Amino acid sequence: MFVDSHCHLDKLNYQDLHENIADVVAKAESSRVESMLSVGVTMDSFPSMLEAIKPFKNVYASCGVHPLDVESYFDFDKFKQYAQDPRVVAIGETGLDYHYQPETAELQKERFKQQVEVAVALNKPLIIHTRNAREDTLQILREGGAEQCGGVIHCFTEDLEFAEQAMQLGFYISISGIVTFRQATELKEVVRALPLERLLIETDSPYLAPVPHRGKENQPAYVVEVAAYIAQLKGCALNDVAKKTTQNFKDLFLR
Ligand SMILES: [Zn+2]
Ligand SMILES: [Zn+2]
């Protein structure tokens with residue numbers, strides 16, 4: 001059994017590709033993907049996403065403001081309320097993205113610090129998005145005491161040294177379909193070097209469909225391709241990747 005540790009179920013194509021979330025979940029289950037975590041990116045979209053996933057016991061939610069959405073509506077008190085919902089198993093995605101939006105860096109840092117504060121206060125793990133902002137990301141995590149709540153660096157594309165520093169804070173590293181892309185040579189090396197005990201797998205659907213679905217819209221069922229590629233890279237059985245990453249998901253998010 002597999003788990004998709006990061007997807008955006010409210011952003012999939014329900015016009016042409018899927019009937020509804022039940023359809024997406026059924027497709028995932030028929031590929032042995034037993035559960036998934038639907039990740040929030042704005043406060044505006046959070047209530048409807050939470051409502052939409054509520055009928056599904058095997059779908060979890062997180063509450064967060066994405067670093068590329070920091071100019072969207074935000075109310076800190078209301079955010080704390082949202083975060084307390086028992087269906088919310090994590091805070092994020094949050095973090096820093098200086099690659100796509102260096103101009104909002106200051107506001108990104110402010111939102112990131114606020115979300116670390118909530119995660120630590122509620123003891124819910126953090127889902128971190130980071131691009132071109134390694135030092136600031138680690139500094140904010142350390143200063144905010146994030147090792148108390150732990151978390152995951154999602155859609156990992158950084159180097160081995162960054163992974164090691166994140167793991168020292170008790171964080172997991174989540175691998176997306178990027179690892180199957182031919183040009184991702186450094187990431188493949190990093191995955192070879194990292195212990196399965198610290199890895200999660202994800203689709204980040206609807207984005208980043210793994211080979212052989214590259215170019216199509218991504219969906220939770222395709223997380224199996226990520227797991228298969230990791231097994232091939234590490235020379236281990238697919239079943240080991242499935243078991244370990246599923247256990248890691250439970251240890252982190254369902255504790
Ligand atoms: Zn992200
Ligand atoms: Zn995402």
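Start by selecting cysteine 149 in this predicted model. Cysteine 149 counts as buried, because its relative accessibility is 1%, and the cut-off for buried is under 20%. Now look for a sulfur partner: cysteine 149 is in no disulfide, and the nearest cysteine sulfur, on cysteine 63, sits 14 Å away.

Next, jump to cysteine 7. Buried or exposed? Cysteine 7 is buried, with a relative accessible area of 0%. What about disulfides across the whole structure? A search turns up zero of them. Cysteine 7 fits in with that: it is in no disulfide, and the nearest cysteine sulfur, that of cysteine 155, is 13 Å away.

Time for the metal. Select the zinc ion (ligand 1) and show the side chains around it. Which protein donors does this zinc ion have? They are Glu93 through OE, His129 through ND1 and His154 through NE2, at 2.0 to 2.2 Å from the ion. Along the chain, these donors follow the spacing E-x35-H-x24-H.

Keep glutamate 93 on screen and add the zinc ion (ligand 2). The zinc ions, ligand 1 and ligand 2, are 3.6 Å apart, and glutamate 93 coordinates both.

Last stop: colour by secondary structure and follow the chain from glutamate 93 to histidine 154. Glutamate 93 lies in strand β4 (residues 88-97), while histidine 154 is in the loop between β6 (151-153) and α6 (160-168), so the pair ties together parts that are 61 residues apart in sequence. Switch on the surface and remember that both glutamate 93 and histidine 154 are buried.

Conventions: Residues numbered from 1 in each chain as written. Chains lettered and ligands numbered in written order. Predicted model: local features only at pLDDT ≥ 70, side-chain atom pairs only at ≥ 80, totals over all residues. Heavy atoms only, no water. Disulfide = S-S within 2.5 Å. Buried < 20%, exposed > 50% of the residue type's maximum accessible area, 1.4 Å probe, protein only. Donors = N, O, S within 2.8 Å, 3.2 Å for Na, K, Ca; no water. Helix = DSSP H or I, 4+ residues; strand = E, 2+ residues; numbered from the N terminus.
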